[in-house]
Amino acid sequence: MNLLEKLTSLSKRRGFVYPSSEIYGGISGIWDYGPLGVELKNNIKNAFWKEILQKNENIFGIDAAIVMHPKVWEASGHLESFSDPLVECKKCHHRFRADYLKENFCPDCAGPLTTPKKFNLLVETYLGVVEGEKLKTYLRGEITQGVHVNFKNILNSSRAKIPFGVAQIGKAFRNEITPGNFTFRSREFEQMELQFYVKPNLEESFRWLDYWKEKRFNWYLKLGFKKENLRFKEHQRDELAHYAKAAFDIEYLLDGEWREMEGIHHRGDWDLRRHRDFSGEDLTYFDEETKEKYLPYIIETSGGVDRAFLFLLADAYFEDEINGEKRVVLKLNPQLAPYKVAVFPLLANKPQLIKLAREIYKNLKNEIMTVWDDRGNIGKRYRFQDEIGTPFCVTVDFESLEKNDVTVRSRDTTKQTRIKINQLNTFLKDAIKKETIDF
Ligand code: GAP
């Protein structure tokens, strides 16, 4: 089994990610996040928001709609250019992305292929109640356009002054020809983006591109990614998206293959110019300082939440041996881990232990994301918590009843220490901080 297969299995087994609508056979390229998955995903999104919005004074947030006026997609160029080359096998009629095929015949049955056709990735949808009069539009193919069509609204309702940015997190949809590799290429996924508006000066705008490149790379390091598993890849001219003047990907090394996690793009004035031309609205910016009117350039950072999620699992996944017994452990940054602490009574049939353990659990839960576990024996509980990345386990035993202390066990070292119950919250909060690469 390669790592991707192990993660797919662990995710389903432990409740990170399930195939969507599985009882009906699933649906290709669509996934559901389970009880642990939603925690990890929210923690990633909150970390992004904190990094981009809270720590900068010139960034504003937005949450635009998924469905937009169809003209948006004409103006953005997606209707014309947002496509992949599709080929079909003349024998078995399976369809493939031509640019992913190594040979010019069907990988499934070796049959001959049709010549490549452009296949548009936008997902169509229809609004309205009267048949024949329904409005045909699209689920957004990128979250970006919801920001640029609101450029004037944001300027008029905030104190935004160039250079400034707008951040957004939300769902995007693409009718991918070949979804796969677990959640890596999905048809419904989430993006976390920054659209940063700067003066339309090439030199200055490329300085901002460098600035955001470095910031974003460092953010992934702060999340805990190993540096050797991350790199930049510059897009060559023929790889650039229709809107881009320059583009760099942050890539992650998984199963020996470098895969895109985030794109950092110089979009020039493409979006504002096109929306100005298609809507007839004046989308220029008046610069109070220079008394000039211009269409700003846009530097974009566009990350996939689901990809950061998948790569974090991959980066944190270890198999080791403790006292001759194999274990799987997710060494997630404690700030990202779904649960920070698990509380157990040593035995599940001793009311005094359960009573004290429940008190400790309730007390911790108010301040720290804590989970209760009294199934199986203590060794099994440790294994389970290791596998879902819980950094600390607290066990209440018979000594606890006499000495008012508990055992705290670390996920990464498996070392155990006894801590007084009245010092437990502070101890754990400090330990979580200490083991965290702060972000
Ligand atoms: N607004 C620019 C934009 O959307 P992109 O490179 O097409 O650029 C940005 O997408 C990021 O969105 C990618 O780096 C990736 O992390 C994520 N992404 C794109 N397509 C995806 C898919 N089919 N499944 C999961 N994530 C995807």
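## The ligand and its pocket

In this predicted model, one of the ligand's nitrogen atoms sits 2.7 Å from a side-chain N or O atom of E142. Two more glutamates have polar side-chain atoms at short range, E176 and E193. Here are the three contacts side by side:

| Side chain | Ligand atom | Distance |
|---|---|---|
| E142 | nitrogen | 2.7 Å |
| E176 | nitrogen | 2.8 Å |
| E193 | nitrogen | 2.7 Å |

On its own the ligand would expose 550 Å², and the protein buries 94% of that. As for who does the surrounding, the shell has 23 residues, with E142, T144, E193, E260 and E300 the closest. Sorted by class, that's ten charged, nine polar and four nonpolar residues. Looking at secondary structure, β10 (188-198), β13 (257-268) and β16 (297-304) are the elements that put two or more residues into the shell. β13 gives the largest share, six residues.

Now for the space itself. The ligand occupies the largest pocket, which holds about 1400 Å³. Its lining runs to 48 residues, and R97, Y100, R174, R185 and E260 come closest to the centre. E260 is also among the residues closest to the ligand.

Which element supplies the largest share of the pocket lining? That's β13, with seven residues. Other elements giving at least two residues each include α4 (78-81), β4 (83-88), β12 (246-254) and α9 (305-316). By class, the lining splits into 19 charged, 16 polar and 13 nonpolar residues.

Definitions and conventions:
Residues numbered from 1 in each chain as written. Predicted model: local features only at pLDDT ≥ 70, side-chain atom pairs only at ≥ 80, totals over all residues. Heavy atoms only, no water. Near = heavy atom within 4 Å. Polar contact = N/O pair within 3.5 Å; in protein donor to acceptor, adjacent residues only side chain to side chain. Areas by Shrake-Rupley, 256 points an atom, 1.4 Å probe, with all protein chains shown as cover. 1 Å grid on protein atoms, 1.4 Å probe; cavity = no way out; pocket = protein on both sides within 12 Å on 5 of 7 lines; lining within 4 Å. Sits in = over half its atoms within 2 Å of the grid points. Helix = DSSP H or I, 4+ residues; strand = E, 2+ residues; numbered from the N terminus. Nonpolar A, V, L, I, M, F, W, Y, C, P; charged D, E, K, R; others polar. Points joined across faces, edges and corners; volume = space filled by probe spheres on them.
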